[in-house]
Amino acid sequence: MKNRISPTPNPSRPLGAFVSKYRRLWLHTALLLPLGVAAQAPPMQSPPTLAVRDANEAKFWSYFDRENSRNPALKWSLEPKELGLFTNPENQLLVPDGFKPDGATWATIVVVPTCGGTKASTRDRIKEFLNAGYAVLTVESYKPRMTPNCRAQVVTPPTVFKDTLDALQALQTVPWVNKDRIFQVGYSMGGFAAAWVSSPSNTAQTQSKYRFRASVGHYGSCAYQNSLTALVLPFLRNDIDQPLLMLMADGDLETPSERCFPQLEELKAAGKAVQWHIYPGVTHAWDQAESNGYGFTNGWGKQVIYRYDRNTTEDATRRTLAFLAQFK
């Protein structure tokens, strides 16, 4: 797995903690069914273009619907601002220095950070995209809901996925945004979102009317499993119909690249617009200088340590911009 290279171009607890919560909630719902309590929620439906494969998949969609209904929608600041020293980039539409719409339309990137939310490294990535001539809207899912990150389970992946598509919908109201060139770029949890939004069945489940032109995931994966006995949570679907670039690391023990194979290879062979690159000798969170040396034991009993890598960070941004530049 580690040598699969495409021919084309922090929280204090690991992401996988939400898996155990899934299982507790599913069990709780199952116990309440005889009492009719679960009937108060909307009936669970499978995505319109994706058949439910098994009971675990049905439980995933049911949980997805409940999570999306329990958090209020984010509010977006859509008046354009330049990124100054004291500018808060969270859920704020930012524009390059000297921005003047003048009847022109601008390509825009929706940035979705890790489950630790907006950090110093996020701000660095925003600057890089602004300097490349993109407007940027960064999705901060946690702080507006009074939680610093995903570990408290206030905000879980389904909510982040919905927030991402809500940002896309909000941008439809901005006259100078080029609606055909709105992209999504995500990191870790945001990398999961990149895989998620590439599928029409996934976006339909989120009741989104709009689609990104393309998406890029940095140190995310195509599915997630917290331990050997935990459920596998699927993010990338075989009905993908939008271009997707997955940038991953062979030393990533938190969101292993192995979870993308052989699926990515099969999708590419089927003519789907998927690309990927795996960085050798690199770990999760390669662009987070502020998290260098952070460690924990994951659900598989392996010691995870983040290592900042400047060369990988620069190359990943270069690959991202080259990928997006194809869609003019």
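A salt bridge here is a side-chain nitrogen of Lys or Arg within 4 Å of a carboxyl oxygen of Asp or Glu. The structure is a predicted model, in which local features need pLDDT of at least 70 and side-chain atom pairs count only at pLDDT 80 or more, while totals for chains, interfaces and linings use all residues. Residues are numbered from 1 along each chain as its sequence is written, and side-chain values use heavy atoms, with hydrogens and water left out.

**Exercise 1.** Find Arg123 and work out which backbone oxygen its side chain reaches.

*Solution.* Begin with the location: Arg123 sits in helix H3, residues 120–131 (helices are DSSP runs of H or I with at least four residues, strands are E runs of at least two, and both are numbered from the N terminus). Next, check its charge partners, counting Lys and Arg as positive and Asp and Glu as negative, with His and the chain ends not counted. Arg123 is buried but has no salt bridge, and Asp124, the nearest side chain of opposite charge, is 6.7 Å away. Buried means under 20% relative accessible area, exposed over 50%, and partly exposed in between (1.4 Å probe, protein chains only). Finally, follow the side chain: it reaches the backbone oxygen of Gly84 at 2.5 Å. Residues that Arg123 touches, leaving out those up to four places away in sequence, include Leu83, Phe86 and Pro89 (contact means heavy atoms within 4.5 Å).

**Exercise 2.** Describe how helices H4 and H5 cross, and say which residues make the contact.

*Solution.* Two packed helices are described by the angle between their axes and the distance between the axes. The axes of H4 (residues 157–171) and H5 come within 10 Å and cross at roughly 65 degrees. (Axes are lines fitted to C-alpha atoms, for helices over the stretch in contact, and angles run from 0 to 180 degrees between N-to-C directions.) On the H4 side the contact is made by Pro157, Val160, Phe161, Thr164 and Leu165, and on the H5 side by Met189, Phe192, Ala193, Trp196 and Val197. Then look at burial: nine of the nine residues of H5 (residues 189–197) are buried, so this helix is largely enclosed by the rest of the structure.

**Exercise 3.** Ser188 and Gln207 both have a positive phi; decide whether each is buried or exposed.

*Solution.* Most residues other than glycine have a negative phi. Ser188 has a phi near 60 degrees and lies in the loop between strand S5 (177–187) and H5. With 3% relative accessibility, Ser188 is buried. Gln207 has a phi of about 60 degrees and belongs to the loop between helix H6 (200–205) and strand S6 (215–218). At 70% relative accessibility, Gln207 is exposed.

**Exercise 4.** Trace the salt bridges of Asp315 and Lys143.

*Solution.* Take Asp315 to begin with: it pairs with Arg318 at 2.8 Å, N to O, and with Arg319 at 2.7 Å. Asp315 and Arg318 are three residues apart in helix H8 (residues 310–324), so about one helical turn separates them. Arg319 and Asp315 are both buried, whereas Arg318 is partly exposed at 47%. Now turn to Lys143, which bridges to Glu90 with the closest N and O atoms 2.8 Å apart. Because Lys143 lies in the loop between S4 and H4 and Glu90 in the loop between strands S1 (77–82) and S2 (92–95), the pair ties together parts that are 53 residues apart in sequence.

Technical notes: Polar contact = N/O pair within 3.5 Å; in protein donor to acceptor, adjacent residues only side chain to side chain.
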